[in-house]
Amino acid sequence: MVLEAARELPGLVPVAVADRDRARADALAAAHRLDACDPGRLLADPRVAVVAVATPPSSHAELALAALRGGRHVFCEKPLATRLEDATEVLAAATGPGAPRLTVDYVLRRNPLYALLRRLQQALLGPPRRFAFENLAGDEHLGPGHWFWDREVSGGIAVEHGVHFFDAGAWLLGSQPELVHALEAARPDGRVDTALATAAHPGGATASYAHRFARPERAESQWTTLDWGELADGRLYGWIPVELELDIRTDGAGLAAVQALTTNQRAALEVPGYRPSGAERITLELASRGQPGRWDLRLRATLGGQAVKPRVYRESVRAGLADLLAAAAGGTPPAVSPADAWTSLATALAAQQAAATGTATRPATLPR
């Protein structure tokens, strides 16, 4: 996916792939007509200015550090690390004076429906009071020997997969959690396939996250519930969201704000570096509430349905790479910063600790 996105991005030319398993490197290189080498040689290649780290999670920090210390910008798959100590070392290497830029592939931050939600928050809604993600995921490609089940390699469900949603929830809620409760459940063979977490945020906002990897791929189902109390509620459909429904209860000024935002649908869904397909649509349905000046508004937005999920995923990766290039060229922080990646990992690790101890846990805070 990263190579496909990188090939289509102006200013970025893939030159080589590396893997500790040379046969895998050779196969990938042949498929994309690139050079193949080992990781050390790639990091020493003078042609390489940007390194994409797309390995199992336990090696992310080691490879990111090597690239940063070699003066390369880094596009890192989530999570940034599996241990907070390692993430802290990466954070320091990526944020010092003159340091190369690093971002993490949090595709939800680069999804047009999330962009629309952020603009609706700014125009009318403000942060939600509740964020709730439900993930009934497939496991048919995750055999018993897959590294996903090995916590030493993957970090576990909360770390390997959950960081996406800990980050997205904090981003929409506008705050990091203060306290996390969690539990995990395992199969008879010992594989942990279920992770549940709830988080308390400042001001009484809450978030919850449910992950279960036990379905065939065709039966996967994911959705996110958002609640603004009396003002609005709605759902995103898909872990890579492709559909959004919102019910908004507002007055004439609020109605006008939503209509003004959605008049230019392309701008309402815009994500820099993401190329629309032309299938995106926003529709509004209005109903009077029976009170003068009060309106019930249903907003629906689609990126084209489930069939476009692979394209939405690729374009969101492309947008992340574009953001990294812009940050490197302009000397500015990327939209998803190393600090964002650190704090989402801290929340995931707090969830693991809470599940292991049965005690609510406070996530670590950013080092000063």
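Among contacts in the protein between residues at least 6 apart in sequence, what percentage join residues at least 24 apart? In this predicted model, the share of such contacts that link residues at least 24 apart is 68%.

**The whole chain**

Begin with the protein in a cartoon view, where you can follow 13 helices and 14 strands along the chain. The radius of gyration is 21 Å, close to the 21 Å that the globule rule gives for 368 residues, so the protein is as compact as a globular protein of that length. If you turn the C-alpha trace along its principal axes, you will find that it spans about 70 × 50 × 45 Å.

Next, switch on a surface, whose accessible area comes to about 16,400 Å², with 52% of that area belonging to carbon and sulfur atoms. Beneath this view, buried residues account for 51% of the 368 residues in the protein.

**The cavity**

Now hide the surface and select Ala158, Ala195, Leu196, Ala197 and Ala351, which are the closest to the centre of the largest cavity among the 13 residues that line it. The structure holds 1 cavity of 30 Å³ or more, and the volume of the largest cavity is about 70 Å³.

To see which elements surround this space, colour the strands β7 (179-186), β8 (192-200) and β9 (206-215) together with the helix α13 (338-357), since each of these four supplies at least two residues of the lining. Sorted by class, the lining of the largest cavity has 10 nonpolar, 2 polar and 1 charged residues.

**The second largest pocket**

From the cavity, move on to the second largest pocket, which has a volume of about 320 Å³. Select Arg109, Arg110, Val271, Pro272 and Ala335, which, of the 15 residues that line this pocket, are the closest to its centre.

Then add the helices α6 (112-125) and α12 (309-330), each of which supplies at least two residues of the pocket lining. Which helix gives the most to the lining of the second largest pocket? That helix is α6, with 4 residues.

As a last step, colour the pocket lining by residue class, and you will find 8 nonpolar, 1 polar and 6 charged residues. With both selections on screen, you can set this lining, with its 6 charged residues, beside that of the largest cavity, where 1 residue is charged.

Terms used
Residues numbered from 1 in each chain as written. Predicted model: local features only at pLDDT ≥ 70, side-chain atom pairs only at ≥ 80, totals over all residues. Heavy atoms only, no water. 1 Å grid on protein atoms, 1.4 Å probe; cavity = no way out; pocket = protein on both sides within 12 Å on 5 of 7 lines; lining within 4 Å. Points joined across faces, edges and corners; volume = space filled by probe spheres on them. Nonpolar A, V, L, I, M, F, W, Y, C, P; charged D, E, K, R; others polar. Rg over C-alpha atoms; globule rule 2.2 N^0.38 Å. Buried < 20%, exposed > 50% of the residue type's maximum accessible area, 1.4 Å probe, protein only. Contact = heavy atoms within 4.5 Å. Areas by Shrake-Rupley, 256 points an atom, 1.4 Å probe, with all protein chains shown as cover.
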